[in-house]
Every structure is written in C-alpha cells, then in structure tokens.
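Visitor: Please give me a close look at a single part, and place it in its surroundings. I should like each term to come with its cut-offs.

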Amino acid sequence: MTSKQSVKEDVWIPTTCNMCFNSCDIKVHRQDGVVVKIEGNPDSPIGEGHVCGKGAAGIMQLYDPYRKTKPMKRTNPKKGLGIDPGWVEISWDEAYSIMQEEIEKAIAKKGTKNLCHHSFITNFPGTFNSIAFFGMTLDAPNFLIPDICGAAIHGMEAILSSGCNAAPDYNYCKYVLQFGSQAGTATRHGYNMTVRRFADARVSGTKLVNVDPHMSAGPEKADTWLPIRPGTDAALALSIAYVLVHELGIYDREYLKKFTNAASLVEPETGRIIREEGTNKPYVWDLHDAKAKVFDDPGIVNLALEGEYTVNDKLVKTGFQIYAENIKRYTPEEVEKITTVPADKIRQVAKEFGEAASIGSTIVIDGVEMPFRPAAADSFSGISRHKHGFLSHWAILSLNVLIGSCNVPGGFIAYAAISHGFPETGRPSWKPTVWEEENLLENIGLNFTENLSIYREIREDIGDKGDMALLGIQPLNGLDPHFLYNTQMNPEKYGREKMDYLFVYAGNPIKNWGNHDEMAEFLKSFEFIAGMDLYLNDSSYFFDLFIPEATFLERYDFPPTLYNNHRTNGAVGVDWSWGIRQPVVEARDNAPGVGDFFNELASRMGLTAEWNNSLNFIWGLEEERALSPEKKYTFPEILDHIYKNWFGPDRGLDWFKENGIIKYPRKVEEVYLFPQMQTRIPFYYDFMLEAKEKVAKEIEKMGISWELDDYLPLPDWKPCHDYEIHNEGYDLFPVYYTNTVNVDTWMLHNAWINEINENDPYGYNIEINSATAKKKGLKSGDDVILKAANGYEVSGRIIVVEGLHPECLAVGGGCWDSSSEYMPTAKGRGVSVNHLVEALGTERLCHVSATYDQCVRVKIIKA
Amino acid sequence: MNNYNLYVDFSPQEAWNSPSMWLEMSLGAIGGGLFIISALLSFDLGIFLGFLILMAGKGIFLLIDLGKPERFLKVLSRPFKSWISTSAWVLLLFGLSGVTYCALLLVNGGVGSGILGVFKVISILLAIFLVTYDGFLLAASKGIEAWNTSILPILYGISSLLVGTGITLALIQEVTDLILLQINIILLITFAFLVFSYISVLKKSTIGARKSAQLLIENYKNPLWIGLVGIGIVLPLLLAGLGLLGLVSLSSTLIIWIALFEVIGAFYLRYLILNIGVYAPV
Amino acid sequence: MTYCMVIDLKRCVGCHACSIACKAENGTPPGITRSKVMKKEVGKYPDVRRMNIPLLCMQCEEPACVEVCPTGATIKGANGIVTINKEICIGCKACITACPYGARYFRDSEIGYFGTELTPFEKVKYAGQPKGVVDKCDFCQETRLAKGLEPACVQTCITKARVFGTKEEMQELIIQRNGYRLRPDLGTGPSVYYLP
Ligand SMILES: Nc1nc2c(c(=O)[nH]1)N[C@H]1C(S)=C(S)[C@@H](COP(=O)(O)OP(=O)(O)OC[C@H]3O[C@@H](n4cnc5c(=O)[nH]c(N)nc54)[C@H](O)[C@@H]3O)O[C@H]1N2
Ligand SMILES: Nc1nc2c(c(=O)[nH]1)N[C@H]1C(S)=C(S)[C@@H](COP(=O)(O)OP(=O)(O)OC[C@H]3O[C@@H](n4cnc5c(=O)[nH]c(N)nc54)[C@H](O)[C@@H]3O)O[C@H]1N2
Ligand code: SF4
Ligand code: SF4
Ligand code: SF4
Ligand code: SF4
Ligand code: SF4
Ligand SMILES: [Mo]
C-alpha cells in the first residue's frame, strides 16, 4: 500500500542493474521522485524480466544513509585497519587537483610504470574508464584485478572455444558436470540468463552432477553430488577420462581427428610434435599408406588417432596415444584415495557422461545440421583457487574435447563466438581468427572483442616487458596480474621499482586475496592511494583520497554488457541485446559516475585527445563516427557516439534512454563454431613446451627463480600446498562459497540482504560436518577459533551440517566480517577465512596462470 | 537462533510469550478461583478481592498485550465465533453482574435474597467460564500443537479452583475448616493428575506437541520439577497432609504457606505452557 | 474462483528473489518477511539433500487465523485470499499463534532498516505498515492483483518456479507433477502447492 495522497509522477525508466556484474536490464519505478520498485525488463533476454534478490535490493543501496557522496581526504597520516583516517570533506575541485598532482608526481618520479590501477568486476563497464585512462591514455602498464576466479579458466576457454568465456549449451545439454562452480544456480556470468534455462532443463530431465566439497547451490540442485577433498579435482577428471578411454572406449574419435590435433605425431623423448620443415605443420599418420603426412594433406585416407609409428627411424606416438598412456595412473581406485570420491561413483559418472554425449548423433537447428553432443563439463572459481589451476581446469575441460562437445550443439560453447553485428550497420562484429600452421582456433578476447592469439604470443612475444605482473613470461596468462604483489614487495629481486601510486576502483584489495595484515603491508607500500567507491570499505583505511561514485541508479555508464561476450551467454533463441545504464534519480550531492569523473580528469590534465582516442579504440569508433581528438565531450555525448556507431544515426543516447534496449535475433552460425569453421582446437599442447623453453631462457636472463613444472603438453594432477597434513591437528580445509544474494565483501551491508543472511542458518556461521563435529566434541552454536599452522586465526560460530565434506569447514563469502566503522551492517558479520592464507610469496601461485592456492589446513579450537 | 530455521525446524512461539500474557492468565486464574470459592462459601472479602483481581488483572494485562489497545471495543465484534471476542463479552458481563453482586452484598450486608442469589449464580458461572477460557483460547491456536488439547481448559480451571481454595482458606483464617482443606487436597491431587496426563498426552500426540513435551522435560526441567511440581504440588500437599494428620499444627501460617505455594504453582503452570509452545516444521 | 500458487521445487534455487521483491513491492519493514525461503537438510552425509522451501501465506481454505480473529479484521475473500483489515485489527496476535505456517508478523515498532529515520522509500511504503497490527502475504491483492498484475514474487522469480492463477487453472499442473500441500494433516487446506 503506498501513500494515500495522489501520486503526481509515476514512471518506469529502463536501465541496467549493477548489484552484481551481470548487468541485467531492468525497469525502475519512480513515483514523485522516489524509487519504489526495481523489476526486470521483460523485453530483454538479459534477465528476461526478472531481477534476482540483489537486484531488487538496489533500492536499499540507493537510499542507504551510510553511502558516502562527498569527496574526502585523509588528515591522519597513520594508516591501518581501525585507525581513524580523519576524513575531511573537500570540494570536487580539490579532489580533481589532488588526483592530477599525485599522478603527475608519480610519473615525474618513475614514469607511468609508477602508476597502478585496481579494478574489474564490480562495475564492469565502469572498469573500462580506468583501463582507458591509466592503461591507454597514460599508457601505464601496471594494473591489478580483484578476481581470483578467471585465472587459467578464461585462458582455457579461449583455447577451447575462442570465447574466453564458455558454458554448457543449456538449451540442449542433457548432462552437466560442474566442478567448483554454481553456474546457473547461484553465480557466474550471465547468471540471470542461465538460471531459467537451466531450470527448464532440469524439469525436462537434464542431469546435473556437481563436484564440490560443500553443498552449495549447485550441489543442492544436482542429481549427483560428489563431495571432494579440495584441490584434487584434476585427479577426478583424469579418472573419468580413464574410465571413458580405457574401460568404456567412449570418446569421439571422429571429432578428435577432425577438430583437434590429437592425431599429431609426438616424439616421446622430447614430447614435441614433429613438424614439416619450413611450414612447421605437424605430421600425422595415414594408416592407409602407413606413412606420415602433414596434418592437412588432402591425400590422407585413414588418419591414425592412436598408436606408435616410426618416422625417420624414430619412434613416434600420436598425441592421443600419449594421453591415453598418461591417464593410466588415474584408475578409480587410485583416485578414490586422492579425492575421497568412491571408485564406483567415478565409474558411474563417467559412464553417464559418456553415454549422454551420444557420440555420432547429429541435430538440425534452423536448417543447419551439426554434431549433437548434449554433455558438458564446466569449471570455475573453486578450481582456480588452487595452486595448479591451469592443469586442473585443463584436466576438467579436456573431458569436453574427449567426447567431442566443444563448440557444437548441446556441448561446451563460447558465450558469443561470432557476431555478424546489428543488421542495419553490421556492427559490432567479430569472428575468431585461425593459427594457420596448425589450423588452431584463436580467440576473441575477454573484455572487449579483439582478435588475439595465444599461439602467436608464444611464438613471437615471450619476454620481460618490465611490467610488475611479469605477464611477459606468462604467455598463457593474458589476464591475471597477481604476481604484482610480490614484485611490489620485493622489487629488487625482480629488477623492478616499487610503485608509488594506486587507484582502486570499486574494489576491496585488502579483503579479496589472502591474509589481511600482509595485504595491509602491500597497500602501505604505496605512497598514495585514491579510491573510488560507494562506501568507505576495509581498504579505505589505507586510502589518501576518497572519491565517491553515484550509484547505478544515479549515473551513466558505458553500454553495460559491452561486447556481449563476457557476461551474456548467448545461445540459440537468446537474442542479441544491448542496453543502457542511465540515471533514474538525481545523484545524491551530485556525485559523478566513474565515466564523468575520468572524462573530466582527462580534460583537466590536458589529455582529452589521448582519452578520446582510447575510447575510439575500445569502442571501435571510426571515420566520421569517431570522437574528435580536439573536442571535450560530455560523458553522455560519448555514449551517444558509441550507440550511433553501432546502431545507426537514429539510435543514439536519446533513443536508448527512451527504449532501453535494442535486440535482434542471434543466428545459429553465431552460436556454434563447428562445423562451420573447419578449424581445430588443441588436444596435445605442444605449445606449452615451446613456451616452457622460451620462458626458461627469459628467466635466466632476468636472473629470477621461476617454476616451470606446470608447462606440460597434457593435463595432470598435482597436489596443492597443504594437500598433506603437515602439522598434527591441523587437519581441516576451510572453503567458501557464494550464494545468490551475496556479492564479495559488500553486499551483506545491504539491509535487506543482511536480513536474509541473518535468518539463513548457514548465513554467517561456519559449517562443520556432523561426524567431524562429533569427533572434535563440538555442537551447533559453539564459538570456535580456526587456526592455521602459519599462526593466522579467525573466529566464528559453528553450525553442524550434513552437506559438507568431513575434512572441510565452509563459510559464505570467506571475505566478509568487515572491519569498517563506516559499514556497520557488514561490520563483524561472517567469517573471513582468506585471512588464514599467506598472501604474499610465490609458493602458492600457479606460475603458468597465476591461480592462487587457498588450500590451507586449520585446526579448530573451541573458544 | 534465527527466523528461517523456524519453519523447517521447531520454533518457539513468541507472539504470546510476554509478561502481560502470563500475568493476565495467572491473575485471571487467581482472582477467578478466589471469587468462585468465596462466592460458594459466601465469604465476602474473598468475593470482593477475587472480583478485583480478576477484572483488573485480566482486563488490564489483556489490554496491555494488544497492539492497538485504543481499539479494544472492536474486540466485541465476533462473539461465539472467536474465543477472545466471546471472552471479552463474558468479561464485560461478569463485570456487570459481579459489580451488581458485590454492591448487593454491601447494601444487603450479606443478607440473602432472591436477586442476590441470581447474580451470585450468574457471576459464578461467568467466572467459571473466565478461568477456563485461557485454556480454550490456547486450545484454539492451531499453530501450537501442544495447546490443541481439551485438557488445557480443565487444567486451567482446576488450577484456578485450587488457588481459589488455598487463598480462601488463608483469608478465612478458619483453620479448623477441614472440609475446605480436604477439598484443597483433592484439588491438588486432581491437579497433579492433570499435569501428568497433559505431559503424557503431549508425548503421544503430533510432532509439535511431542517437541513441546521434550522441551518441558529437558529444557524446562527446573521450572517443571521444582516450580510447578515441587512448590506448586508436593509442598502444599505435604503441608496440608501433615496438617490433616495432625503431624504439624494447622496454624494460620501453615495455611498461608500452602496458599502461597499454590499461587506460585499457578504462575509456573502458565509460564511453562506459554514457553513450551512451539510451531512444528511445515 | 479461488486463487492458487504453485511452487516448483525442482526449479527453485533458493535465491530469495521472491522475498526481496516482496519487500520492495509491499514495503515490509524489518522483521516482516511475508515471503521467505527455508533451508532444510534431509539425509546423512554423503546421501544428503539440501532443500529450499519458499514459504508465504497459504491462503488456507479453512484458515485457522480467520477463526480466531476477535475483530473480523482477518477475513477470507470470495477469491480465496485471506486479508487483514489493518484499520480494525487490534493486534491481539491470536492469528499468529493460530497460523501453523508462520505466515503472520506483528509490527511492534515504527522503525525502519536504518533506525527511526526512514529513507525516502520507507517513508512512502511504510504508510501501509502501521505499528501495533499484524501483517501477512495477501497474494499482493492490494499492491498488484488490483492492477491486473501477478504477485511480485511470481513476477520476479528467476527460475519461473512460481506459477499463479486460479485453482482450476492449476489443477492439471498439480496433478501431472504430483503437487502436494504443507501439513495436510492440519485440515487447513492450503491454496499453495509444491511440486517435488
Ligand atoms: N574470500 C574470498 N575472496 C575472494 C572471493 C570470494 O568469493 N571469497 N572472490 C574473488 C573474486 S572471483 C573476485 S572477482 C574478487 C572481488 O573482489 P572485489 O572486486 O574487490 O569485490 P569487493 O571486495 O566486494 O569490493 C567491491 C567494492 O565495490 C564497491 N561498489 C559496489 N558498487 C559500486 C559502484 O557502483 N561503484 C563503485 N565505485 N563502487 C562500488 C563496494 O562498496 C566494494 O567496496 O574477490 C576475490 N576474492
Ligand atoms: N550472486 C553472485 N553471483 C556472482 C558473484 C557474486 O559475488 N555473487 N560473483 C561473480 C564472480 S566475479 C565470479 S568469479 C563468479 C563465481 O562463481 P563460482 O565460480 O560459481 O564461485 P563460487 O560460488 O564461489 O563457487 C565456488 C565453489 O567451489 C567450491 N570449492 C572450493 N574449493 C573447491 C575444490 O577444491 N574443488 C571443488 N570442486 N570445489 C571447490 C566452493 O565450495 C564453492 O561452492 O560468480 C559471479 N557471480
Ligand atoms: S543477476 Fe546481478 S545484474 Fe542481474 S538482477 Fe541480479 S544483481 Fe542485478
Ligand atoms: S525467486 Fe523463485 S527460484 Fe528464487 S527462491 Fe523464490 S521461488 Fe525459488
Ligand atoms: S497460512 Fe496462516 S495466515 Fe495464511 S490463511 Fe492459513 S492460517 Fe491464515
Ligand atoms: S491480531 Fe488483528 S488480525 Fe490477528 S486475530 Fe487479532 S485482531 Fe485479528
Ligand atoms: S504474493 Fe505478494 S505478498 Fe505474497 S509473498 Fe508473494 S509478493 Fe509477497
Ligand atoms: Mo570473480
């Protein structure tokens, strides 16, 4: 019941949600200037008219009195959690000048490499401002991202699907095998686009198997839950492969031959694929002629997938043969010991998975006939948060290759591999390129679409670039700069100079990684930190300048779903859709959006030309549609250019403000790469060995120590840091999970969300398995301390459950328990188990992909 | 611990677990019992006191317990359909008849007359309704299975008559009135029997009721065994028994102790009933 | 005609979108959760299931709450919806102890989520939430059905687990999917059905 007085203004304004990075299209109900309801925009495939709980709770963020809306600077030079920074409000003029002065000071001291910016998923389109400003306008090479999810996996997805983001084809998939992820039940990219499709699938009989130590939302909905000892998923995946290959003989031979390089001939001693001199084309074996031929020789009659042969007096084996031999170690019985998953369960899942793939079958969609492989393995964060992340994701996703489900209907497909563009303009359009010598699929980039090639990078571009993240010696890690923590803390060791300036956009670096005290030291290593946020979060205790941002309901942003390939998982029947984020109400205290802010800062710093050119590049603004370097535009004018560039002169910003979204049908050819592209994905990763050689040379030059063990041509399992119990009594693994209503460190501050969490029996408590609790003499409601052997500890209250591996403890978020006085609702609620993990040092990092090992054994002590 | 566990686990009722509800029920029982017994014995002091305690105790605390006390007249809307509404009417009628009865007693100086007798009978009947009513009210609460039993009104009624006799005895100071003391003992035994029947009924009943029985026996064992059974039943029974057998002298102090223990027992009974009320999982 | 809701537990992922959409639409203050989603574990590790059970007022055919209400504030309408007239309710809470489904809430203060100072949203919305009376789900009769819209929780449900209509319209789905009601032994006859 609303107020009885007659309502004068009553409007619904289309815009885009930002309560998580998924940017669902919404409609906001405003009555007499007050936002009274947020609903999904039913016209859009991005959310389909539904908002999740977080989205609906956007109102509580908008009207949250704890939000900061005026710029502030610190007056107390002493930095530390809980130490009052002595914030004083300043004018916007002063805020801009401090930004400018500090940036210029830092550049004057050590050049632009002295600048670092930290930003990524919280406001994904917003992040493109700091990328455009620091990375492009200033050409500053160093950046940080908060994510410890995408390391390795986006790279693997790039290799297998071109998309950098891929998912099971929920519309057709009949068997989803999830590892360490709750895609489509609680989390992930395009959550609100997949969750309904996945529910439909469940009702129509699609089976879900979820591998997770904890009964998170994925396992809740699974037909089979495989609780696993953390960090052992690769062994499980390889055992499934073992059963498929060695016990059942189920694998897609035709697919492997045609769409992968599995048949390439490999020299066992070197592990390298043998190639034709000059062209560098791999050799394969033609059984018909009993002879090696280059892989694309049109004369090949009967390609050998398996076997050993002699070429030039040397014994060679096919890549697949070596794979098959390699996985012999992973019998279900052996793997049961590693993973705790019973051997008969492994066999059962392998059999179901293999049979569901219905190898050999085809499907006709919209008149196009394609292979039909309705089974897919999927993995994400739970796998990335371990040491050998690259190998693990690879072991899992290679199951898709084995059954021939990559890039075909029902299988594992890129979110948006190909775009033909808006029919009237043909923009934006993209298509993956091909690595010619081996006919391998290249990728379309992660954030905005650009044609990238891991193979070319390995061939041509390995070498120290002088960046803090050492990305030049991690060719398979295009994205994750987390080695930067170590170079910043030990610059001499890496031949680097410590950075002085940090800009943090919409992130909480002290909480999103490991031990908070170590992270505090990292933050203190900067002379100056500016942070742009809605709140004074934990990390703000280390900021020197606080720049408030307007909420998503009060600001413009770049087109929220960008190029549609990071968080909008396309499928047949899911239209292309592009939306707008626009202010629904006036910003409190006229706080700017991040776009307004950088646009203004660039102009004040005399960088308008560079700034405009950066945006021209990111948004592909060309010819008369480009921003003129001379002109200072307002941020909305820039948006106008972007929209008109893509959708024609009649569909500028005003059109989008009015209409909200534009959509048009997605064609089958834009969804499935195979068989329309007669190209291949790797099965035997020869390029890993090529990379290893080059990285080895480079690190020698650099004089640093570096791990090369994970550069393997085939996936394998390796134990995590704390796989063994090193100290008696330190026997439990804390794991954390995300549920639908929470996002990282900040959502629990939302009063409606907090109410849900408080009422959730698991909400802010530590789950412990009933058998373990009994053994330890603990019961629900007991207060406990979790202590790691490194001395770090956290405390909380336990709740005894059944849905958890007996060797584990589980908490929501794992980064909650805010220490900020300025976020009273989040303060002291929940348990931040990542505080138990050493944050700095390289022992816990995967040296191929920078995944971070959060497997830490703890002792549970009754408080 | 939290709200949501509530309906998948057992959850305590909170709506009526307030001091005012407890006082309303307890004072209603004490006043009502005293009124009934005293009226039967034509013991004026007990009648006046009982009337006051019942009207004030029940009336005031019922009002306090309402979210909107200013709307209390609305409570009269659904007599014969809702227990609260019916009881409000009864309370109103009892107020009228009781006032008249008391007034007649004062005016007539206790001399019997036809009219007085009529008001006496009406008032006693209404009071009997009022002392059992809380039991009916609770029994109508479908959500709380431990309350859904016809034993409750009887238990409440007997408890009320028990304290009624006890206090009347203490007020009369007529320690030689052995009949009343014997009645008190019979009521004590009946009460004890009802308490145990109630617990055994709970134990064999629906899952919500069984949970309440468990709560009663495990979580509330002290209030149950020491408060209700020990102080409310065993002690007065012992004292009265010893007195009757002449093993201790039937002094007025002894009678006052008996009455006091019984009053405490009445409070404990209602405290326990309100506290063990749980919703069952759905 | 009797309104009816069907909740498909196979679809439901326990996301709480329904609960929060209800909060927003019906402006329910702290502690009043007309829509809520319970968690329940069934079985023992490793053969255990965690279920999500969304709850709301069951709009019972034989509503225990109506029976006990002394004022007639709670009534059952011809469309099957049980409503509370907050102008009449005296806050006796008899309906709260009567309801076996925990569907009713007593508003015992005037505070909002940030204390006594209400946000602009709360100022507008809490007009319908006076202190001292009881609140519960009314299938959004007042806020949405009256405008021809389906309930807020149904509108937003991200898995389309909630279906709303008349009992007649739902019959087929209920039978086909073996729909059941909560605590049928109580004889309350809920109008909310669950699909396993
Ligand atoms: N223990 C643990 N650690 C984790 C994770 C985990 O689940 N558990 N997840 C990991 C992953 S995968 C990721 S991606 C990272 C995420 O890590 P971060 O991106 O650092 O996420 P948060 O810590 O939530 O910080 C987000 C900040 O953005 C602010 N914010 C919210 N909306 C806006 C807005 O519109 N504008 C601005 N300017 N600020 C806004 C919030 O107030 C908050 O301070 O954490 C990683 N670390
Ligand atoms: N609601 C919501 N949605 C989100 C986000 C959010 O914050 N909230 N964040 C977004 C972002 S940035 C990301 S990265 C994604 C994250 O989405 P997901 O990848 O689905 O991440 P989590 O929900 O954290 O799930 C990780 C799971 O891995 C399990 N796990 C831990 N260790 C292991 C292990 O060794 N093996 C296996 N098999 N499992 C393990 C945990 O118990 C947990 O259930 O979600 C995105 N979507
Ligand atoms: S999934 Fe994310 S973007 Fe979509 S409605 Fe929920 S919070 Fe908003
Ligand atoms: S919105 Fe739908 S899926 Fe989410 S909890 Fe409610 S009923 Fe379940
Ligand atoms: S669920 Fe409870 S409140 Fe709703 S009609 Fe039934 S008894 Fe009444
Ligand atoms: S609280 Fe209100 S609605 Fe409930 S029974 Fe009492 S008067 Fe009726
Ligand atoms: S029907 Fe309306 S009032 Fe009832 S739970 Fe759903 S949204 Fe809330
Ligand atoms: Mo992430």
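Guide: In this predicted model, A:Arg196 and A:Glu48 form a salt bridge whose closest N and O atoms are 2.6 Å apart. The term requires a side-chain nitrogen of Lys or Arg within 4 Å of a carboxyl oxygen of Asp or Glu. A:Arg196 belongs to helix 6 (residues 191–203) of chain A, while A:Glu48 sits in the loop between strand 3 (34–40) and helix 1 (53–56) of that chain, so the pair ties together parts that are 148 residues apart in sequence. Helices (H or I, at least four residues) and strands (E, at least two) are DSSP runs, numbered from the N terminus. Over all chains, the structure holds 83 salt bridges.

Residues are numbered from 1 along each chain as written, with chains lettered from A and ligands numbered from 1 in written order. Local features need pLDDT of at least 70 and side-chain atom pairs 80 or more, whereas totals for chains, interfaces and linings use all residues; side-chain values use heavy atoms, without hydrogens or water.

Salt bridges also cross between chains: the rule finds seven of them across the interface of chain C and chain A. In one of these pairs, A:Glu755 meets C:Lys23, with 3.7 Å between the closest N and O atoms. On the side of chain C that touches chain A, two or more residues each come from helix 1 (17–26), strand 2 (36–44), strand 3 (47–55), helix 4 (120–125) and helix 5 (152–156) of chain C. Helix 1 of chain C gives the most to that side, with seven residues.

The whole interface brings 49 residues of chain C into contact (heavy atoms within 4.5 Å) with 57 residues of chain A. About 4,600 Å² is buried between the two chains, and carbon and sulfur atoms give 60% of that area; buried area is the accessible area (1.4 Å probe) lost on putting two parts together, summed over both. C:Tyr45, C:Arg50 and C:Phe114 supply 18% of the area that chain C buries against chain A, more than any other three residues.

C:Tyr45 also has a notable backbone feature, as the peptide bond from C:Tyr45 to C:Pro46 is cis, with omega near 0°. C:Pro46 is placed in the loop between strand 2 and strand 3 of chain C, and both of those strands are among the elements that give two or more residues to the side touching chain A.

Chain A has a cis peptide bond as well, joining A:Phe674 and A:Pro675 with omega of about 0°. A:Pro675 occurs in the loop between strand 27 (662–664) and helix 22 (686–702) of chain A.

A further backbone feature of chain A concerns A:Asp32, which is not a glycine and yet has a positive phi of about 45°. Most residues other than glycine have a negative phi, and most peptide bonds are trans. The loop that holds A:Asp32 runs between strand 2 (25–31) and strand 3 of chain A; strand 3 also borders the loop of A:Glu48, the partner of A:Arg196.
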